[in-house]
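Student: I would like to go through the pocket, the cavity and the ligand of this model, asking each time what justifies the term.

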Amino acid sequence: MRITIFDSNEELDARAAALIASTVVERPAAVLGLATGSTPVGIYKALIRQASQTKLSFAGVTTYNLDEYVGLPPEHDQSYAYYMKQQLFDHIDIPLEQTHLPNGMATDLAAECVRYDRMLASQPIDLQLLGVGHNGHIGFNEPAEALVGGTHVTDLEPATIAANARFFEREELVPRQAITMGVASILKARQILLVARGADKAQIVKQALTGPISTACPASLLQTHAHVTVMLDKEAGKELMSDDSALHLVYS
Ligand code: F6R
């Protein structure tokens with residue numbers, strides 16, 4: 001695991017975007033696993049900028065998003081489908097039919113999970129971008145006694161609903177369920193890029209990267225993956241900097 005702590009968020013965004021861009025340069029038909037939330041916003045902006053400066057084409061790229069709220073149509077401004085169009089897809093040359101998110105409006109949610117898993121099985125992810133929740137969730141795999149491997153419907157934890165309420169007018173409007181890729185699907189990605197920012201993530205980042213590997217902190221399972229790159233701003237990395245464990249920290 002290579003962990004880089006950045007002095008500025010701009011530099012973090014540029015380096016994370018450069019890693020995504022280089023994946024596409026190396027493999028124009030790359031399969032990218034994408035995330036939503038606040039963490040990737042600057043990364044997508046930097047990626048759009050880099051793609052335009054270097055004339056990088058996403059025409060052959062396929063994307064799979066980690067998750068989508070149950071009950072929000074793609075036109076809803078808080079759906080993850082809407083977010084992805086706004087933040088990235090509308091600004092690069094990727095054909096929309098090559099972009100995939102779970103369909104939170106499916107009448108048969110179980111069948112939708114099977115459909116998503118079949119697609120993921122046929123197109124293994126080259127690079128999966130991840131944020132992390134304050135409770136250690138990745139995708140919407142919330143801490144639990146046992147985690148689910150494949151795509152599934154999950155009940156969001158009260159803490160996750162509260163954290164995401166900032167995007168909605170009122171907390172009651174935050175959906176209570178989501179469809180999420182499971183941890184096995186996430187860990188199947190060839191490479192994983194985990195990004196976290198802000199002092200409020202410092203504790204969970206330390207727990208995830210240096211604590212016990214436990215379903216109580218789903219992000220800790222990333223310790224079992226052979227090719228994880230972690231990019232942190234200095235606030236999110238502050239607990240690691242004081243850590244004297246044998247972490248390979250790079251300061252940038
Ligand atoms: C988003 C996702 C979530 C977020 C996490 C952090 O697609 O799967 O796991 O990455 O909740 O969210 P932010 O970035 O808003 O702090």
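Tutor: Let us begin with residue classes: Ala, Val, Leu, Ile, Met, Phe, Trp, Tyr, Cys and Pro count as nonpolar, Asp, Glu, Lys and Arg as charged, and the others, Gly among them, as polar. On that basis the shell around the ligand divides into 3 nonpolar, 8 polar and 3 charged residues. The model is a predicted one, in which local features need pLDDT of at least 70 and side-chain atom pairs count only at pLDDT 80 or more, while totals for chains, interfaces and linings use all residues. Residues are numbered from 1 along each chain as its sequence is written, and side-chain values use heavy atoms, with hydrogens and water left out.

Student: Which residues are closest to the ligand, and how many surround it?

Tutor: A residue is near a molecule if one of its heavy atoms lies within 4 Å of it. The ligand is surrounded by 14 residues, and the closest are Thr 39, Asp 67, His 137, Gly 139 and Lys 201.

Student: What makes the approach of Thr 39 to an oxygen atom of the ligand a polar contact?

Tutor: A polar contact is a pair of N or O atoms within 3.5 Å. An N or O atom in the side chain of Thr 39 is 2.4 Å from an oxygen atom of the ligand, so the pair meets that limit. For Asp 67, a polar side-chain atom lies 2.5 Å from a ligand oxygen, and for His 137 the value is 2.6 Å. Taken alone the ligand exposes 400 Å², of which the protein buries 93%, with accessible areas from the Shrake-Rupley method with a 1.4 Å probe.

Student: Why is the space taken by the ligand called a pocket?

Tutor: On a 1 Å grid over the protein atoms alone, a pocket is an open set of points with protein on both sides within 12 Å along at least five of seven lines, whereas in a cavity a 1.4 Å probe fits but cannot get out. A molecule sits in a pocket if more than half of its atoms lie within 2 Å of its grid points, and the space that the ligand takes is the largest pocket. That pocket has a volume of about 500 Å³, and its lining comprises 27 residues.

Key. On a 1 Å grid over the protein atoms alone, a cavity is a set of points where a 1.4 Å probe fits but cannot get out, and a pocket is an open set with protein on both sides within 12 Å along at least five of seven lines; lining residues have an atom within 4 Å of a point. Grid points are joined across faces, edges and corners, and a volume is the space filled by probe spheres set on the points. A polar contact is a pair of N or O atoms within 3.5 Å; within protein, one must be able to donate a hydrogen and the other to accept it, and residues adjacent in sequence count only if both atoms are side-chain atoms.
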